[in-house]
Amino acid sequence: MNRTTVSLIAGVTALAAVTGFASMSEPQAAGEDTAKAAVQLPVERTSLLCPAPSTSDLAETAYTSFTPVTKGTGEGGKAELVAAGAQSADGTDAKDENEKQGSEQDDKKDGEQGGKKDGKKDGKKEKPVLTPKEPGKPVTAKASGAESPALVGTAEGRFAPGWAVQQTTQVEAGTGRGLLGTSCSAPDTDFWFPGASTAKERTDYAHLTNPDDSAAVADIELYGKDGVLKSTVGEGIKIPPHSSETVLLSTLIDEPETNLTVHVTVRSGRVAAAVQALDDALGGDWLAPSAGPAGSLVLPGIPKDATSVRLVAFVPGEADADLKVRLASPTGTITPAGHETLHVKAGMTAAVDLGDVTRGEAGSLLLTPTGKSTPVVAALRVVRGKGDKQETAFIPATGPVGARATAADNRAKGSTLSLVAPGRGAKVEVTASAGSDGGTAASKTYTLKAGTTQNVDLPVPAGLKGTYALTVEPLSGGPVHASRMLEAAEGGVPMFTVQTLPDDRGTVKVPDAEQDLSVLQK
């Protein structure tokens, strides 16, 4: 075989193994031969990072790990989550068991918020927080109090494709009390968070976690209703190797701002980023990043009993955006009265209160351009309950399910799966895994009409014990977007959290060896 061809194939395969979500995309002008030159293979390595869950002594946190069974994987591999800055029980680093450089430097820099002082207890290596045993069955772990650290996770081999970890924290009282949930996320270099705030009743933190052996450097920019809010404090934030940094957003600017868009960019290295939004009266939750700037956006799964919904949008570019606002209901798309369109000025954050827009029915918000398409990012702040018994969650714009998406940590009661087909109708299969402590997997197929949202009647594992995972796989038709709501009533407060379900990026496109050889030898 031509040496150049060997190098190309080896390089792409290595990229897929390291990133877990690399993709070789064909150019727009590519012909049929080029399209055939790529094959879809399971990823060989995935990284996930979980932020430090809470600063409350009353916090009770549950972690759930799940990998769906994927065809084409081998028998080997492992997955584990360890405290940021810590080492696994066998003495290997959390990021890569074959990379041991920089460990002394890491020990000196541990002790930052979200990490242990030296990654050890009484001179012994710390054990992983979670270690899954087999694909297709969830495993769980629990933590209590304010000292729970950020976690760094790596999955390899058969555990890597579609690996999902859910972090769910319940806080019974105090600022931000409620159910705070987040899907632990892969590291990246660019994040948008419309929906943050530095209002006097809000305490919002940006959590930045670095999985790598070298320090990362990030910048945080804030945009309000009048544009960028100048600050040098958010520049050049250093995140030590295998560590987490937490930044209180109100310390970055002088005056309170009710509706903010947070932009996190990474100068060097990569991080996982999330915003924890805590409200004195309305509880709290995690605000996950919005899908990247796009002309049309889908925000799926507004609870049918939502008492207040606020849409926050931002235009990163230089042109204003005019958006058509529609609600995908169980019977079709409708236009919220008095909120037919939204004008968003370039570089400024716009917010509009939609009230109880769902009016007792399942719903998802659809944003499309009224004319020329201008990329935007957006999120919803959703409130349930009334009076002093209200609770908040956030729904960022999200990409489609794609080939497959997974939500871990579902319970026998209190889980709602919302599916929306914004364009064409679609057929979807939903599989409930075996339970973490027992039970048999079950599946159901659903048909979605074009422009509708359905809160589906979930399959539940027979003989369920513990928690289970939901896997969503479109079978035919147009794109499907999804979210999962968890709820737990406590003292009359309707605690809840919503996680969106984009594609799990469990496979990667790699060049076909024969096609590459024929092209390179011409």
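How much accessible surface does the protein have, and what percentage of it belongs to carbon and sulfur atoms? The accessible surface comes to about 21900 Å². Carbon and sulfur atoms account for 49% of that area. Keep in mind that this is a predicted model.

**Whole chain**

Start with everything selected. The protein has 522 residues, and 54% of them count as buried. Switch to a cartoon view. The secondary structure comes to 4 helices and 39 strands. Now think about contacts between residues at least 6 apart in sequence. Of these, 82% join residues at least 24 apart.

**The sheet 7-3-9-10**

Next, select strands 7, 3, 9 and 10. These 4 strands form an open sheet in that order, with antiparallel pairing. Which strands stand at the edges? They are strand 7 (139-144) and strand 10 (178-183). Each has a single partner strand, so one side of each is left without a neighbour in the sheet. From one strand to the next, the twist averages 15 degrees.

Stay here and pick out strand 3, residues 60-66. Strand 3 pairs with strand 7 in the antiparallel sense, over 6 bridges. Show Ser65 and look across to strand 7: Val139 stands opposite.

**Arg359**

Move on to the loop between strand 25 (349-355) and strand 26 (363-369). Arg359 lies there. Check its backbone. Phi is positive, about 50 degrees, although Arg359 is not a glycine. Is Arg359 buried or exposed? Its relative accessibility is 66%, so Arg359 counts as exposed.

**Asp409**

Now select strand 29, residues 405-410. Asp409 has its place in this strand. Asp409 also has a positive phi, near 65 degrees, in a residue other than glycine. Is Asp409 buried or exposed? Asp409 is buried, because its relative accessible area is 1%, and buried means under 20%. Set the two residues side by side: Arg359 sits in a loop and counts as exposed, whereas Asp409 sits in a strand and is buried.

**Asp388**

For the last stop, go to the loop between strand 27 (377-386) and strand 28 (389-396). Asp388 is found there. Asp388 counts as exposed because its relative accessibility is 64%, and the cut-off is over 50%. Add Val493 to the selection. How far apart are Asp388 and Val493 in sequence and in space? They are 105 residues apart in sequence. In space, their C-alpha atoms are 8.4 Å apart. Draw that distance in the viewer to finish the tour.

How values were computed
Residues are numbered from 1 along each chain as its sequence is written. This is a predicted model: local features need pLDDT of at least 70, side-chain atom pairs count only at pLDDT 80 or more; totals for chains, interfaces and linings use all residues. Side-chain values use heavy atoms; hydrogens and water are left out. Buried means under 20% relative accessible area, exposed over 50%, partly exposed in between (1.4 Å probe, protein chains only). Contact means heavy atoms within 4.5 Å. Accessible areas come from the Shrake-Rupley method with a 1.4 Å probe; for residues, only the protein chains shown count as cover. Two strands pair if DSSP finds at least two bridges between them. Axes are lines fitted to C-alpha atoms, for helices over the stretch in contact, and angles run from 0 to 180 degrees between N-to-C directions.
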